[in-house]
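Biologist: I would like to learn how to read a protein model. Could you walk me through one, feature by feature?

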Amino acid sequence: MLTIKNLHAQVEDTAILKGLDLEIGPGEVHAIMGPNGSGKSTLASVLAGREDYEVTAGSIDFDGTDLLELDASERAREGLFLAFQYPVEIPGVSNLNFMKAAINAKRENQGLDAISAKDFLALVEEKSALVELSGRLRDRSVNEGFSGGEKKRNEIFQMAMLEPKMAVLDETDSGLDIDALRIVSEGVNAMRHEGRSFLVITHYQRLLDHIVPDHVHVLSDGQIVKSGPKELAFELEAKGYDWIKEDTA
Amino acid sequence: MSLASDKAQAFVAGLKASSGLDLLAGSGRQAMSDLPVPTRKSERWKYSSLTPMLAKPVTTAPVPKGWPEGEPANPIPGLHAYRIVFLNGHVVTEASDFPIAEGVVCMPLSQALAEGRIEAGDEDWSHYHTREWIGAVHAAHFQDGLFLSLDEGVVLDRPILAHHYTLGENVASCPRHRVQIASNAHAEVVLWSSASESSSGMVNAVFEAKVGSGARLGLDKVQHEQGAVYHLAHEHVVQEKDSTFRIHTVTVQGHWVRNELNVIQQGSGAHTMMHGAYLPKAQEHVDNHTTMDHTKPHCTSSELYKGIMYERSTGVFNGKVFVREDAQLTNAYQQNANIVADAGASINAKPELEIYADDVKCSHGCTVGQFDEEALFYLKSRGIEDRTARALMVQAFVGDVLEGFGQEEVAQEVKRLLAQRHGWM
C-alpha cells in the first residue's frame, strides 16, 4: 500500500528525515514511536503534502502512484487521509458543507455524480454514530469552539466519511482523556479492513493498548532505527527512548 | 482658472440642468464653482481619484422610449416587489409597478414635485451639495427618482425595488430618491444598480431618508455594473426616537465605486445597522466612506464591512463614528475586515472614532490579512481543490454580511452572481 524508500526531507535548511524506509502492506496497522524531535510529525506532514516541507531525496509509492508527484488534495482524492495533531478551526465553513465538498471531490475523481442530499445525510448519521459525534457538533463550523477531544473525534468522523485506503494518525492521542481515547480508538478499530492500512504516530504506548498494531517502528533522528512486533511498544514504555539510542549506538 | 477645473467644466458641459427644485438646482450650480473639484490632496479623496472619470465628458441621455427589450426590469429572480425602474436616470413608468394603498405615496420624484408634495425649504435633507463638488453636480443635474412616503403606522406588504440600469457610452445619470417613513411605519427598499457590458459614464446618485419615531427602514443595496461606469452614491438617513435603520451594501461588480453613507440618530433609543461587502477584481476600485453620528442617548449602532481584494483591485474603507456630548449610554460597534487575496491588490482602511460623551461603549476593529494558509491546507488535505477551498473560505468570510439582506431573494441572487464571477461552485 505504502512504500517509502530512503526519504530525506527538510524544513527551510534543517534536515529532519534522513533516509527513512518503511513498507506498509494492505490492511496492516503500523505504529511509529519516537522521542520529541525525531521527525514523527514531519513524516506525517510530508505524506500529506504540506508544502513547507521539501523532499530532497527518496521516493514514496502509494498503491502504485508516485505520491510526491501529487499535491495535498490529489493525495486525499487518491485515498490518503491525515488525522491532524492540531485540527484547524475554520469559522463560517460548516462541517457538513466541508464534508460534502470533500466527498464530491473524491466522487468526481472516480467519475461519479455528486452525492444526493438523502444519501449524504444517511452517511452522516451512520458515521457520526461511530465516534458519538452529536448533531450539535457536526452542524457547526469546522472545529469552531470544539474541545480537544471533540476535534479528534471530528477527525475520525471525517476519516469514516471519506473511507480512505490509508490513514495516517498524527498523535491522535494527544490531549485526549480516557473516554475520548476510547471513543476515538473504537472508531479507528471499526474501520480496520483488509483493504485499508493505518500508520499510527504516537509518543506514548497507551494509544496502542486500544489500537493494536501489527508492527512497531522506532524513529530516531530521522531514521527508523528499530522495528518489531507490538511487544516492542511495551519495551519502549518500560525502558524509555534512551534505551534505543544506546542500543543502536 | 486651473487645468483641473477646465477639465471638470468640460466633463459636466453635456449635463442637462435639473428641473422642479429650482432652489436646490441653483445652489448646486453655485456650489459647483465655489467648491473645489476633489483631488488626492484632500484626505477624503486621497485614495480615490476622479481624474480618470473627468477625462471623459459625459452627457445626460435623452428620455427613453421605453425599457430596453430583453433586459429584466426586475433583475432578482423570485423577488415579489413593487418596482420603480430607471434607464440612465430617467424613470420608465411602463416598466414600473407602484403600490396603491391607503397611507402610501409612491411615485416618481418628478410627479411628486409636479403635484406639489415637497414643500419649499424642505427639498434637501443632506446638504450634500454644500460639502462635496460631486454633490453640487448632482444637485444641479438630478433627473428623477423614487418618492416614497408612508403615513403613520403603515407597513408595506412588499418591498420596493428601485432598479437603475445604465445603457450607452459616456452617459451621466443622476437619480435622486426621497423616502419618508412616518412614526411606526415600516418599509423595505431594494436599491439595485446594473449596467450593460458596453456602457460607460457616471452614476451620481443621492438617496435621502427620514425614519420617524418607532419606524423602520431596511435597505438592500446591490451594485452589479458591467462596463466602465463611475458610480458615486450618497445615502443620507436621519433617524428619530426608537427607530431602526438597516442597510446592506454589496458591491458585486463595479468599475469604480464610491459609496458615501451618512446616518444621523436624532432621537434616543434608535438603532442602526450598516453592513457591507466588496469583492473587486481586475483593476476595479471600491470606496466605502461611512459616518455614524450618535447625537442622543441610549442609541446603538452596529457596523460590519468585509472586503476581499483580488488581482489588481484597490479599495478604501473609511468609517467615522461620532458620539456627541449628549449621546450617553451609546453602544457603538464597528468592524472592518479585509483579505488581500492577490499580491497586486490593496486596501486602505481607516476607522475614525470621535467620542465626546463619557459613559459609552464603543468598540472597533480593523484587520487586513491574507488567506489562512493552515485552514486552506486543512481543507485541501480532505481532497478539496485549492480553488474550491478558497471559495469555501471566501464564502465563510463574507457569509455573515450576505446572510443579513432583508430579502432572501436578493441574498440568493447576490451569491449566485458572486459564484459566477469568481468561479465558486
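**Two helices side by side**

Modeller: Happily! Helices H6(A) and H7(A) are roughly parallel to each other. Keep in mind throughout that this is a predicted model.

Biologist: How is a pair of helices described in general?

Modeller: Two packed helices are described by the angle between their axes and the distance between those axes. Here, the axes of H6(A) and H7(A) come within 10 Å and cross at roughly 5°. Angles under 35 degrees count as roughly parallel, and therefore H6(A) and H7(A) get that label.

Biologist: Which residues make the contact between H6(A) and H7(A)?

Modeller: On H6(A) they are Gly149(A), Lys152(A), Arg153(A), Ile156(A) and Ala160(A). H7(A) brings Ala180(A), Ile183(A), Val184(A), Gly187(A) and Val188(A). Sorted by class, this contact has six nonpolar, two polar and two charged residues.

Biologist: What comes after H7(A)?

Modeller: A loop lies between helix H7 (178-190) and strand E10 (197-202) of chain A, and Arg192(A) is found in that loop. Arg192(A) has 14 other C-beta atoms within 10 Å. A residue is exposed with 12 or fewer and buried with 20 or more, so Arg192(A) is partly exposed. Try finding Glu28(A) too: Arg192(A) and Glu28(A) are 164 residues apart in sequence, yet their C-alpha atoms are 8.6 Å apart in space.

Biologist: Now a helix on its own. How many residues of helix H1 of chain A are buried?

Modeller: Eight of its nine residues are buried, so to speak of H1 (residues 40-48) as mostly covered is fair. The buried ones are Lys40(A), Thr42(A), Leu43(A), Ala44(A), Ser45(A), Val46(A), Leu47(A) and Ala48(A). Just after H1(A), look for Gly49(A), which takes a positive phi of about 95°.

Biologist: And how should I think about a nonpolar core?

Modeller: In soluble globular proteins, nonpolar side chains tend to be buried together. In this model, the largest nonpolar core has 192 residues. Those touching the most other members are Phe81(A), Ala83(A), Val168(A), Val200(A), Ile160(B), Ala187(B) and Leu217(B). Helix H8 (residues 386-402) of chain B gives the largest share of this core, eight residues. The core also draws at least three residues from each of domain 1 (3-267) and domain 2 (377-425) of chain B.

Biologist: Which residues does Val168(A) touch?

Modeller: Leaving out residues up to four places away in sequence, Val168(A) touches Ala44(A), Leu47(A), Ala48(A), Phe81(A), Leu82(A), Ala83(A), Leu199(A) and Ile201(A). You have already met Ala44(A), Leu47(A) and Ala48(A) as buried residues of H1(A).

Biologist: What about the place where the chains meet?

Modeller: The size of an interface is often given as the accessible area lost when the parts come together. Here we count residues instead: 20 residues of chain A are in contact with 18 residues of chain B. On the chain A side, helix H2 (72-77), strand E7 (90-94), helix H3 (95-109) and helix H6 (148-162) each supply at least two residues. H3(A) gives the most, with five residues. By class, the chain A side divides into 14 nonpolar, three polar and three charged residues.

Biologist: How far apart are the centres of the two domains of chain B?

Modeller: The C-alpha centres of domain 1 and domain 2 of chain B lie 29 Å apart. Between them, 16 residues of domain 1 are in contact with 12 residues of domain 2. On the domain 1 side, strands E9 (186-195), E11 (216-225) and E13 (244-253) of chain B give two or more residues, and E13(B) gives the most, with five.

Conventions. Residues numbered from 1 in each chain as written. Chains lettered and ligands numbered in written order. Predicted model: local features only at pLDDT ≥ 70, side-chain atom pairs only at ≥ 80, totals over all residues. Helix = DSSP H or I, 4+ residues; strand = E, 2+ residues; numbered from the N terminus. Contact = placed C-beta atoms within 7 Å. Nonpolar A, V, L, I, M, F, W, Y, C, P; charged D, E, K, R; others polar. Core = buried A, V, L, I, M, F, W, Y, C linked by C-beta atoms within 7 Å. Domains from an automatic or database assignment. Axes fitted to C-alpha atoms, helices over the stretch in contact; angles between N-to-C directions. Parallel < 35°, antiparallel > 145°, perpendicular 65-115°, else oblique.
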